[in-house]
Amino acid sequence: MLLRFWISLICFVSAGYLPAQSGEDSLLVQERLDTLQLWLENFKMDSLKSQLDPVENQVRKYYADPSKSLVELQLIRLQFHQILGEYEVAESYGQQALSGSLQLQDTTFIIRAYNLLAMAIYYRQEYDVTDSLCTKALHLEESKATPDDKQIAALYNLKALSKFKRWKTDEAIELFEKALSLNRKELGDRHLTVAKNYGNLAICYQDKGDYLRAIEYLRSTTNIFRATHGADYQPLATCYYNLALNYGNISELDSSTAYYWRAMELRKKVVPADHIYMAEYWEGIASNYADLQQYDTSLWYYEKAKAIFDTKDPNHYDAPGFLAKVGYVHLQMASYEKAEDHYTKALDLRLQKFGDRDAKVMFYRLMLGGVESSRSNFAIGQEWYDRALQPFAVDLKSGSYLGVPSLKNLMLVFRDKAFSNYQWFLQDEKMSYLDSAFVYSQHAMRLFDFMRSGYREDESRVFLSGRYLNVIDQSLDIIYEIYDKTGEEQYLEAFFTSLERKKATSLLVQLQERQYDHYAGVPDTVLMKEKKLQKTLADLEANHRNLVAAAEDSLALVVQHDLRDMKREYDAFISSLSQQAPEYYELKYQLNYPDVRKVQKTLLPGELLVSYHVTADDVFLFYCDNDRTGLDKVPLSCNLTTEIGALRDTFFNPELLLSSRDKDDRLIAILEGLSNVLIDPLPLAEWNLDRICIVPDGVLGLVPFDCLMTESVTSNASLQSLPYVCVRYDLYTVHSASVWLSSHQMDGRKASLLAFAPSYDSYEQNDGNADELVDILIRSGHLPLPGAAIEATEVARIWSGQLWKGQQANEAAFKKNVHDGGILHLSMHALVDQEQPMRSTLLFAKNEQSDDDGYLYASELYDMNLDASMVVLSACNTGYGKMARGEGTQSLSRAFAYAGVPSTVMSLWKIPDAASGKLMIDFYSNLKLGQTKPEALSNAKRAYLSHVVSSDLAHPFYWAGLVISGNPGALEWENRTNHLFLYGGLLLVLVSLIVLIKRRFA
């Protein structure tokens, strides 16, 4: 819809590129063309028709040569009939104009005739011919002594559209970007044509599945439209429509539905309520209700859309898509006959228009396979999946997918074909079905990896991981089943690799990029360019973020343009690396997962790595030590999310901590239930273990494993005497085994300590503070943290570190000194934004002499490159945040890991100052003795439990919330005082020797 409408607008822009002549007539013609364009955009078709004759009369006056006048009139009529949808008539005028231009031998006319004829033919869906005509026009334009950049940009745009329609999205993006660069240079950053360029790019990224980037471009288009033509400008409705589509694609359904309503309200100002556009908006709203599983409401809105389509345009441009969406709702409602009927009609319509080498044809066949599989007609379902693959050169052995129009659809075919075979196996128990399910599930996951590695931005990778995570979830079910039946080691290895695909891959990509910053065999010029691009990109992102925060909208828009240019340049550079330095590109920018043996070699004796996989019905546990592996499946008898939520309620609600036997019993019951699932299946005693590395999955990232139990307890057991895991074992968590291995590459960093404990007096004096969370802290009296300064002072004393406290502990001081620290100890407030994790922040003291505002946002940490060995986040909820499927908790702790810190100490909830301070002091004292990080923290917790003076204070709330994440290795403490004595002693010995030697020779 967006591209269709904007091409109509481009027509009049192109018509305005008249041969340059002096005189009043040329200005009048241009003014009339501009007026026609504005009427078109606001649906004033009657006004448009009434002005055709005056425009033609003006053209006749403009040209002294009747032949040129005739050609110009033919070009204008071409555009007019094209706008009215009379494409055959438009093409006829285009052919006449081209013939007349060739007879005149006027290059400018020939180029415009090629361009406008190409547009008319584009609407006839003859995309190869469109491309060819654009190529001819470009060749002529670029060979001129003074090429017209605006004309070249228009041709690039149209050529890109023809590429896009033939599923050559990457080529289309390249051409659209060339057009954008020329238009910005010629027209400025706030021109309508530039806005439409952004919209074209948005559609391309939407097609690639990079919906977040599409939204970013659409917002730019919207901003320019509003700034130049106000809130009632009709093309804004097209932007709202496409924003609604993209928000729907990322499952932000409230935002999506709101944009559909905004588009509808704006369109109602110029078109009737039964206009075809309204049907498209009702259709979008219906799709959102389908995603919300409100199927009856969804069908009601689809009926509203259908009533308009049937009346106004029974064969509207996307009738197959509409039928398929309704078919999906019937499929979810188990109305299989209705679903089959809708998908079959959609398929037939699409085949008639585009043939079987079409992405939508592939998708409709996939869905018909799904209908049959849902009926347990697995053989017929498999036939539909094979028919979806048949027209394309899919080579399963080589992994070649040449000519496939949509890799996303291909991935879904592999996924559903695998799952259908798996269900078939569960029904008939034929191993051949299970073997086939395994093969196709592996291909689905490889395509998933390939798509994910093509995204450069963390936010987009996180989104893609969550959206298609069921590709991996289904594969894990299949692999476990085949391993359970055969016991073959290769399937155990495949299960582990698939688990790694599921966890924190975005973080892994970032760590890989840092790890291979220096690589032999790559020219220094290439590495220098890479670093320069990365730094420029980071600087622009920081600048844009600051301008947005300061409400400098106009400057932010300028920087945003530069930022997008830099992103495109960086993307192009990364793509070129695959040709210039393929080994470097493979190591740094392609996801590489370790095998089990590599993990086992890294584990210490007595150490167990356990990686969890959680489904609605089961928990899977993969575990290994130095030379043994195991895999178990534990059925769930309860809702795991509910139980974990109940456990966390006791930590977030202090009133639940009051002494009460019933409350203690409830807590113990929850801990026992979780322990039965998460701890009991592990061979802790049999394998003689003393350290456990936990790789959580999803909601398990919020579980304090330290306070789970190693055995059942008798009734009336006290909280102080429970057999907690941490009493017997040292524990730590990691994002994934791959990330864990990468963190081991960072051993040997410096261990000097920097401690920060800010005061917040300046915040208290600011009654109009803009941050709501800070205002809540001020009003509640919880803003001051007197215990933080005491803790940081003691920690700095133990480790002989540097200390910033009070007003000196500001953001500017942190940023200035952070690269000097091996250990960063931050005792302060943390503000967690559940909806926008990048807005979560650490709160430093304010500094009036600096531009920094005291808020160190997660987004800023993502832009940093830190060399610290460990960061200790002695603040509230630093391990808590929005849960992203496939990536884990989007916390401040993760932000430091993304910045390159291999190990963090974080909090899962708000721990009281006194308990936190005691644990921290013991933790550092233990580290100073040479203990590993998990050992040091576990020993601190054991000491706390053994010396706690009251049973209430033994509640896990006080001690279990601090956890280690990442590299577990010990840190080498440098005793500067001892070094001075040592150096002084050596100097004294040396002086004594010199004196003795002199005396002897004297």
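This briefing walks through salt bridges, cysteines, two residues in helices and one helix in some detail.

The model is predicted, so local features need pLDDT of at least 70 and side-chain atom pairs count only at pLDDT 80 or more, while totals for chains, interfaces and linings use all residues. Residues are numbered from 1 along each chain as its sequence is written, and side-chain values use heavy atoms, with hydrogens and water left out.

**Salt bridges**

- A salt bridge here is a side-chain nitrogen of Lys or Arg within 4 Å of a carboxyl oxygen of Asp or Glu, and by that rule the structure has 28 salt bridges.
- As background, side chains of opposite charge can pair when their charged atoms come close.
- Lys-163 pairs up with Glu-171, with 3.3 Å between the closest N and O atoms.
- For burial, the cut-offs on relative accessible area are under 20% for buried, over 50% for exposed, and partly exposed in between (1.4 Å probe, protein chains only).
- On that scale Lys-163 is buried at 11%, whereas its partner Glu-171 is partly exposed at 36%.
- This pair also belongs to a wider salt-bridge network that links Asp-131, Lys-159, Lys-163 and Glu-171.
- Arg-375 bridges to Glu-372, and their closest N and O atoms sit 3.1 Å apart.
- In this pair the Arg-375 side is partly exposed, with 25% relative accessibility, while Glu-372 is buried at 5%.
- Arg-797 and Glu-794 form another salt bridge, with the closest N and O atoms 2.4 Å apart.
- Both belong to helix 37 (residues 786–799), where being three residues apart separates them by about one helical turn.
- Helices in this numbering are DSSP runs (H or I, at least four residues), as are strands (E, at least two), and they are numbered from the N terminus.
- Arg-797 is exposed at 53% relative accessibility, and Glu-794 is partly exposed at 24%.

**Cysteines**

- There are zero disulfides in the structure, a disulfide being a pair of cysteine sulfur atoms within 2.5 Å.
- What keeps Cys-726 from bonding to Cys-707? The closest cysteine sulfur to that of Cys-726 is the one in Cys-707, and at 8.1 Å it is too far for a bond.
- Cys-726 is buried, with 0% relative accessibility, and Cys-204 is buried with 0% as well.

**Two buried residues in helices**

- Ser-498 sits in helix 25 (residues 489–502) and is buried, at 0% relative accessible area.
- Setting aside neighbours within four places in sequence, Ser-498 has contacts (heavy atoms within 4.5 Å) with Gln-442, Met-445, Ile-472, Leu-476 and Ile-479.
- Arg-350 is part of helix 18 (residues 336–354) and is buried too, at 10%.
- With sequence neighbours within four places left aside, the contacts of Arg-350 include Trp-167, Pro-320 and Tyr-364.
- The Arg-350 side chain also makes a polar contact with the side chain of Asp-358, at 2.8 Å.
- A polar contact is a pair of N or O atoms within 3.5 Å; within protein, one must be able to donate a hydrogen and the other to accept it, and residues adjacent in sequence count only if both atoms are side-chain atoms.

**Helix 9**

- Buried or exposed? Of the 17 residues in helix 9, 15 are buried, so this helix is largely enclosed by the rest of the structure.
- Helix 9 (residues 149–165) should span 24 Å (1.5 Å times one less than its number of residues), and its end C-alpha atoms are 24 Å apart, which agrees.
- Asp-148 caps its N-terminal end, placing a side-chain oxygen 2.9 Å from the backbone nitrogen of Lys-150.
- After helix 9 comes Trp-167, which has a positive phi near 65°.
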